[in-house]
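Work through the following exercises with the sequence and the coordinates side by side, and try each task before reading its solution.

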Amino acid sequence: MEWPERLVNEAKKRMEPYDVEGFVLGKGDDRGRVMIVGEAPGENEAIKGEPFIGRAGDELDKQLDYLGMAREDVYITSVIRSRPYKWVKTNKKGMGGKRKANRKPNQKEIYAHAKLLDYQIEQMKPDIIIALGGVAYERLTGDKGKISDVVGEAIRTPVQKEEEGGYRKSAEEYTIVPLYHPAAVFYNPKIKEDIYRSLDRLKDYLERDR
C-alpha cells in the first residue's frame, strides 16, 4: 500500500508527546478480501517493523491456518503503529533495574493514528475486517461493550472515522468480525475453547460469503 508522506509525518508528529517507539504501517495483500486490525506493535514488531511476529504472530498464523488462510491472503495492520510502553522494575543484569513493558494504548494515542487506519480502510475497501481484541473492536465500531458478547459474530456496520477532534461514522458499511487477540491465550489458557468456537463461526461465514 502506498502512503501519502504528509499523512505519515502528521501521525508521527501527533505521537511525539507519548511513550511509544517504532513505527509499523502494515503488511500483506492490500487488494484482498480480509483486513486484520490488531491493537499495537509489541517489542519485536517495533524493532523489525513488521506486524504480528513473535509468540502472538505464531498464534495468529495457527488461527489463519485453521481458517484455511495464510498471511499472504490477508492485510495486517493495527489501531496504532507505534509500541506503547511503560517502565517496570527488573532484576536482570545490565538493565539498570528497569525495562520497557508493553501497555494498552490510551485514547489519545489511538486518535493520534486514526487517520492512518481510516486511509487503509478507504484504500482497501475490505469485504471483512477482523478486529483482534477489544481495543480494535471499539476503535472500529465505537462499541464499548464486552468483546465476549460478540466474539466471532459478523456485524454489518459503519466504521468510525477521525473528524475534528473526534469520530464520525462512515457512510459505507463494513462486515466487522471481532475475535480475541491471539495473545489472550497466553494469559488465560482457559479461553482456548472460546477462541476456536469463534473461529468456527468466522469459518462458516467465510464459506457462505465466497
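**Exercise 1.** Which residues of the largest nonpolar core touch the most other members?

*Solution.* The model is a predicted one. Its largest nonpolar core holds 56 residues, and those that touch the most other members are Ile36, Val37, Ile130, Leu140 and Ile176. Taking Ile130 as the next step, and leaving aside residues up to four places away in sequence, one finds that Ile130 touches Val34, Met35, Ile36, Val37, Val177, Leu179 and Leu202.

**Exercise 2.** Determine the strand order of the open three-stranded sheet, and explain which strands stand at its edges.

*Solution.* The order is E1-E5-E6, and the pairing is antiparallel. Strands E1 (20–21) and E6 (98–102) each have a single partner strand, so one side of each is left without a neighbour in the sheet. Turning to the pairing of E1 with E5 (residues 83–89), one finds two bridges in the antiparallel sense, and Val20 has Pro84 in E5 as its bridge partner.

**Exercise 3.** Compare the settings of Phe52 and Lys125: is each buried or exposed?

*Solution.* Most residues other than glycine have a negative phi. Phe52, however, has a positive phi near 50 degrees, and Lys125, which is not a glycine, has a positive phi of about 50 degrees. Phe52 lies in the loop between helix H2 (43–48) and helix H3 (54–66), whereas Lys125 lies in the loop between helix H5 (114–124) and strand E7 (128–132). The relative accessible area of Phe52 is 8%, so Phe52 is buried, the limit being under 20%. Lys125 reaches 56% relative accessibility and therefore counts as exposed, for which the value must be over 50%.

Conventions. Residues are numbered from 1 along each chain as its sequence is written. This is a predicted model: local features need pLDDT of at least 70, side-chain atom pairs count only at pLDDT 80 or more; totals for chains, interfaces and linings use all residues. Side-chain values use heavy atoms; hydrogens and water are left out. Two strands pair if DSSP finds at least two bridges between them. Helices (H or I, at least four residues) and strands (E, at least two) are DSSP runs, numbered from the N terminus. A nonpolar core is a set of buried Ala, Val, Leu, Ile, Met, Phe, Trp, Tyr and Cys residues joined through side-chain atoms within 4.5 Å. Buried means under 20% relative accessible area, exposed over 50%, partly exposed in between (1.4 Å probe, protein chains only). Contact means heavy atoms within 4.5 Å.
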